[in-house]
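Here is a friendly briefing to keep beside you at the bench. It takes the enclosed spaces, one open pocket and one surface patch in turn.

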Amino acid sequence: MSPPHAVVSGAGIAGLSAAYWLRRTGWEVTVVERAPGFRDGGQNVDVRGVAREVLHRMGLFDAVKALNTTETGAVFVDERGEVTAELPAGPDGATAELEILRGDFARAILDHLPAGVEIVYGDTITGTAEDDDAITVTTASGRVLRADLLVVAEGVRSATRDRLFDGLVDRRALGVNMVFGTIPRTAGDDDRWRWYSTVGGRQVHLRPDNHGTTRAILSYPRDEDLASLDRDQALALVRARYADAGWEAGRVLDGFDASDDVYVDHLTQIRMPTWHRGRVCLVGDAAWCVTPMGGGGASLALTSGYVLAACLSSADTEAALAAYERWMRPLVDSVQKLPPGVVRAAYPRTRLGLALRTLVVRSLTSPLLAPLTARLTRVAGTDRPLPPLA
């Protein structure tokens with residue numbers, strides 16, 4: 001009897017984790033990725049909570065730790081770059097023990113995939129058809145793949161998810177735009193995540209990396225959807241928004257103009273009543289995007305690949321997909337439920353609001369309250385054991 005076959009759409013962290021664990025448990029795996037090749041680059045992600053155990057089970061803990069971004073801590077700064085408050089450090093602090101760039105993390109998994117995983121770049125899924133025995137997947141290049149399972153790991157704007165789960169995708173925009181990019185490092189950059197806020201809720205973030213460059217973020221609250229614009233339109237609009245922002249805003253904007261690693265996002269959570277239908281299963285951001293406001297997205301993505309494969313190793317497809325969802329749902333819910341008013345608190349718009357936020361942060365990071373604050377940054381944690389591999 002031939003082994004079961006899974007098609008995984010998307011070669012990011014969630015897709016590669018699913019490919020890794022499905023292959024480890026005896027599946028034939030074909031990964032279809034729309035990009036023409038592996039996508040390096042990207043911003044900081046981290047490995048927290050139960051995902052650390054998954055990483056140990058993959059034998060990748062030390063490899064990922066060796067790819068640390070070099071960031072040692074996180075501080076708030078004023079317009080002169082002077083530190084106004086420092087966030088707690090530690091394994092689960094604002095800067096985690098396992099702090100790594102998205103591209104480096106995905107590459108680490110890719111380089112350790114078990115033999116036999118086929119990856120097809122430059123192709124996308126255009127159609128599916130299910131019968132009693134299998135799901136047939138058709139791609140833009142004309143491939144026809146007959147499989148026992150389709151795993152959709154295409155991210156927050158997944159087209160395949162939207163086709164196959166029409167009417168079940170609840171998009172919840174948070175009203176926050178973010179522009180991420182890689183810019184040249186300067187002598188004034190150090191080994192800390194520096195976070196600057198100014199009026200209008202505008203933020204500028206600078207973070208060190210392990211590639212001799214600096215990762216930058218511009219973030220501000222506004223309902224306009226930057227992700228719906230092309231790159232030039234988005235950057236022009238952001239430049240206008242940040243014309244008088246101060247600190248390093250001008251440097252970041254100039255750096256983005258010249259960078260080939262810029263990503264624009266309008267933060268949107270994805271909430272769905274189910275993550276599986278027939279022989280189709282969603283993992284990672286395609287199923288539950290928590291956004292950077294919630295944190296832990298990479299940890300949930302890594303964990304979902306393991307949990308899916310573990311459930312499939314001990315039950316038939318229908319029962320296994322239900323078990324996968326039962327195990328993952330509480331973990332996702334705990335991250336996705338943002339406290340009321342969190343966007344307004346994170347993005348004060350007036351000078352008074354900025355001053356009050358500074359006082360609150362100083363209080364929360366004082367020796368008395370720092371242990372409590374550190375616990376607030378712990379995500380993707382659970383007391384439940386991971387499901388076993390059969």
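The notes below go through cavities, a pocket and a patch, by topic. Please keep in mind that this is a predicted model. Two cavities of 30 Å³ or more are counted, and the second largest pocket has a volume of about 360 Å³. On the surface, Leu352, Leu356 and Leu359 make a nonpolar patch.

**The largest cavity**

- The largest cavity holds about 40 Å³ of space.
- Its lining is made up of Ala11, Gly12, Glu33, Gly37, Phe38, Arg39, Arg102 and Tyr121.
- Sorted by class, this lining of the largest cavity has three nonpolar residues, two polar ones and three charged ones.

**The second largest cavity**

- For the second largest cavity, the volume is about 30 Å³.
- Around the second largest cavity you will find Arg185, Asp189, Asp190, Arg192, Arg194, Leu206, Arg207, Pro208 and Thr214.
- Two elements, β13 (192–198) and β14 (202–208), each give two or more residues to the lining of the second largest cavity.
- Strand β14 has the largest share of that lining, with three residues.
- Charged residues number six in the lining of the second largest cavity, alongside two nonpolar and one polar.

**The second largest pocket**

- This pocket, with a volume of about 360 Å³, is lined by 21 residues.
- If you want to find its centre on the model, look for Asp78, Glu79, Tyr196, Ser197 and Leu354, the lining residues that lie nearest to that point.
- At least two lining residues of the second largest pocket come from each of β4 (73–77), β5 (83–86), β13 and α13.
- Helix α13 supplies the largest share of this lining, six residues.
- Split by class, the lining of the second largest pocket has ten nonpolar, five polar and six charged residues.

**The nonpolar patch and helix α13**

- The patch made by Leu352, Leu356 and Leu359 covers about 320 Å² of surface.
- Leu356 sits in helix α13, which spans residues 351–364.
- Why can Leu356 be called partly exposed? Its relative accessible area is 48%, and that class lies between the limits of 20% for buried and 50% for exposed.
- Leu356 can also count towards a patch because its 48% is over the 30% relative accessible area that patch residues need.

**Elements to look at twice**

- Helix α13 holds Leu356 of the patch and also gives six residues to the lining of the second largest pocket.
- Strand β13 contributes to the lining of the second largest cavity and to that of the second largest pocket.

Technical notes
Residues are numbered from 1 along each chain as its sequence is written. This is a predicted model: local features need pLDDT of at least 70, side-chain atom pairs count only at pLDDT 80 or more; totals for chains, interfaces and linings use all residues. Side-chain values use heavy atoms; hydrogens and water are left out. Patches are made of residues with over 30% relative accessible area and no salt bridge: like charges are joined within 9 Å, nonpolar side chains (Val, Leu, Ile, Met, Phe, Trp, Tyr) within 5 Å. Accessible areas come from the Shrake-Rupley method with a 1.4 Å probe; for residues, only the protein chains shown count as cover. A salt bridge is a side-chain nitrogen of Lys or Arg within 4 Å of a carboxyl oxygen of Asp or Glu. Helices (H or I, at least four residues) and strands (E, at least two) are DSSP runs, numbered from the N terminus. Buried means under 20% relative accessible area, exposed over 50%, partly exposed in between (1.4 Å probe, protein chains only). On a 1 Å grid over the protein atoms alone, a cavity is a set of points where a 1.4 Å probe fits but cannot get out, and a pocket is an open set with protein on both sides within 12 Å along at least five of seven lines; lining residues have an atom within 4 Å of a point. Grid points are joined across faces, edges and corners, and a volume is the space filled by probe spheres set on the points. Ala, Val, Leu, Ile, Met, Phe, Trp, Tyr, Cys and Pro count as nonpolar, Asp, Glu, Lys and Arg as charged, and the others, Gly among them, as polar.
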